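Student: I'm new to this one. Could you pick a single part and take me through it slowly?

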Amino acid sequence: MNKSRDKSKSKRELSNILKEGFGTWSKNLNIAVPFILSSVLTAIMIVIVVGAGILVTGGPSLIYLYHFGEEVPAELIPQLKSQFMHSLHVIITLLGIIIALGLLINAYFTAGAIGMVKEATKRGRTSISDMLRYGSRNFIQLLFAEIIVALIATLAFGIAFLIPVPEMSSRVALLLMLIALSYIMIVSIIFALVPYAVVIGGRNAIAGVGESLKLFKAHKLDVFLLWLIVIGIGAFTGFLLGFMPHIIGQVISIILSVVIIQPLAVTWWSKLYMQYAGDGVVAMAL
């Protein structure tokens with residue numbers, strides 16, 4: 001009986017979070033600005049780094065061959081392989097730069113977006129200055145927190161491939177991969193509130209991870225349902241756009257994700273965190 005009451009209460013609270021979150025987002029559409037800037041800057045950074053890599057590794061000749069030649073002559077294949085292996089350290093370095101800068105850009109603008117939601121909840125409105133303030137103040141701790149969660153998630157692959165299997169059949173490999181992916185999914189749900197603990201709660205990276213775990217234990221159903229709703233919206237949108245021409249569908253999908261889905265999702269998660277993180281945070285946000 002008590003469990004039934006708790007579930008009913010949880011559904012009502014989540015329903016209110018979704019309703020209030022939608023209202024906050026619809027009155028503050030500029031919450032999409034951090035995601036737009038993040039996408040644009042990430043794209044520019046990738047173009048610059050890849051362009052530099054092409055120039056350093058002699059990529060123009062490869063591009064010429066693949067674009068203008070119908071087929072790469074067999075006698076050139078060993079030469080191209082040798083060139084690739086010789087430039088492997090450069091490629092790995094550039095890949096590391098892309099990942100590092102991408103994580104920094106994402107952390108800064110994610111922190112900024114969450115801060116904008118917090119201010120929109122407190123004052124009813126938010127501005128770009130809020131994004132800059134919260135992004136500058138929290139992006140380092142948020143980056144560290146995301147690295148901690150990523151390390152926890154990647155343990156799955158290490159454990160899966162350390163399991164001694166005499167003969168690794170395709171079925172066993174698939175099973176291990178499914179187990180690893182399931183583990184990563186569980187980790188993403190358990191630690192979904194980490195960014196909000198860091199930015200809204202003012203926690204450091206380790207404390208933010210710990211608080212996310214604590215809140216998940218106390219409100220498993222709400223966290224799981226909101227995660228399911230956000231994933232479901234993205235999947236449903238992708239399914240509908242799948243009926244459109246490939247390039248057009250991809251472009252529209254990116255625009256919808258950056259302008260609507262991500263800002264709305266961050267608003268909902270922020271509301272959920274402020275609802276359950278404690279009286280201090282809730283009072284501060286009202």
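**A close look at the largest pocket**

Tutor: Let's go straight to the largest pocket, which has 29 residues lining it, and of these Ala-192, Pro-195, Tyr-196, Val-266 and Trp-269 lie nearest its centre. Keep in mind that this is a predicted model. Rolling a probe the size of a water molecule over the atoms shows where empty space is left. Here, the volume of the largest pocket comes to about 850 Å³.

What kinds of residue make up the lining of the largest pocket? There are 20 nonpolar ones, eight polar ones and one charged one. As for where they come from, helix 2, helix 5 (88-123), helix 6 (128-162), helix 7 (170-190), helix 8 (194-199), helix 10 (220-241) and helix 11 each put in at least two residues. The one that gives the most is helix 6, with six residues in the lining.

Now follow two of those helices to the outside. Helix 2 (33-57) and helix 11 (246-276) each also supply at least two residues of a nonpolar patch. That patch is on the surface and covers about 910 Å², with Ile-36, Leu-37, Val-40, Leu-41, Ile-247 and Val-251 among its residues. Helix 2 provides the largest share of the patch, six residues. Take Ile-48 as an example: this residue sits in helix 2, and its relative accessible area of 56% means that Ile-48 is exposed.

Two other helices that help line the pocket, helix 5 and helix 6, also hold some charged pairs. Side chains of opposite charge can pair when their charged atoms come close. In helix 5, Lys-122 and Glu-119 are three residues apart, so about one helical turn separates them. Their side chains form a salt bridge at 3.7 Å, N to O. Glu-119 counts as buried because its relative accessibility is 4%, while Lys-122, at 33%, counts as partly exposed.

Asp-130 is worth a stop too, as its side chain meets that of Arg-123 at 3.1 Å, N to O, and that of Arg-133 at 2.9 Å, N to O. Asp-130 and Arg-133 are both in helix 6, three residues or about one turn apart. Is Asp-130 buried or exposed? With a relative accessible area of 3%, Asp-130 is buried. Both of its partners are partly exposed, Arg-123 at 38% and Arg-133 at 35%. Put together, Glu-119, Lys-122, Arg-123, Asp-130 and Arg-133 are linked in a network of salt bridges, and the count of salt bridges for the model is six.

Technical notes
Residues numbered from 1 in each chain as written. Predicted model: local features only at pLDDT ≥ 70, side-chain atom pairs only at ≥ 80, totals over all residues. Heavy atoms only, no water. Patch = residues over 30% accessible without salt bridge, like charges linked within 9 Å, V, L, I, M, F, W, Y side chains within 5 Å. Areas by Shrake-Rupley, 256 points an atom, 1.4 Å probe, with all protein chains shown as cover. Salt bridge = Lys/Arg side-chain N within 4 Å of Asp/Glu carboxyl O. Helix = DSSP H or I, 4+ residues; strand = E, 2+ residues; numbered from the N terminus. Buried < 20%, exposed > 50% of the residue type's maximum accessible area, 1.4 Å probe, protein only. 1 Å grid on protein atoms, 1.4 Å probe; cavity = no way out; pocket = protein on both sides within 12 Å on 5 of 7 lines; lining within 4 Å. Points joined across faces, edges and corners; volume = space filled by probe spheres on them. Nonpolar A, V, L, I, M, F, W, Y, C, P; charged D, E, K, R; others polar.
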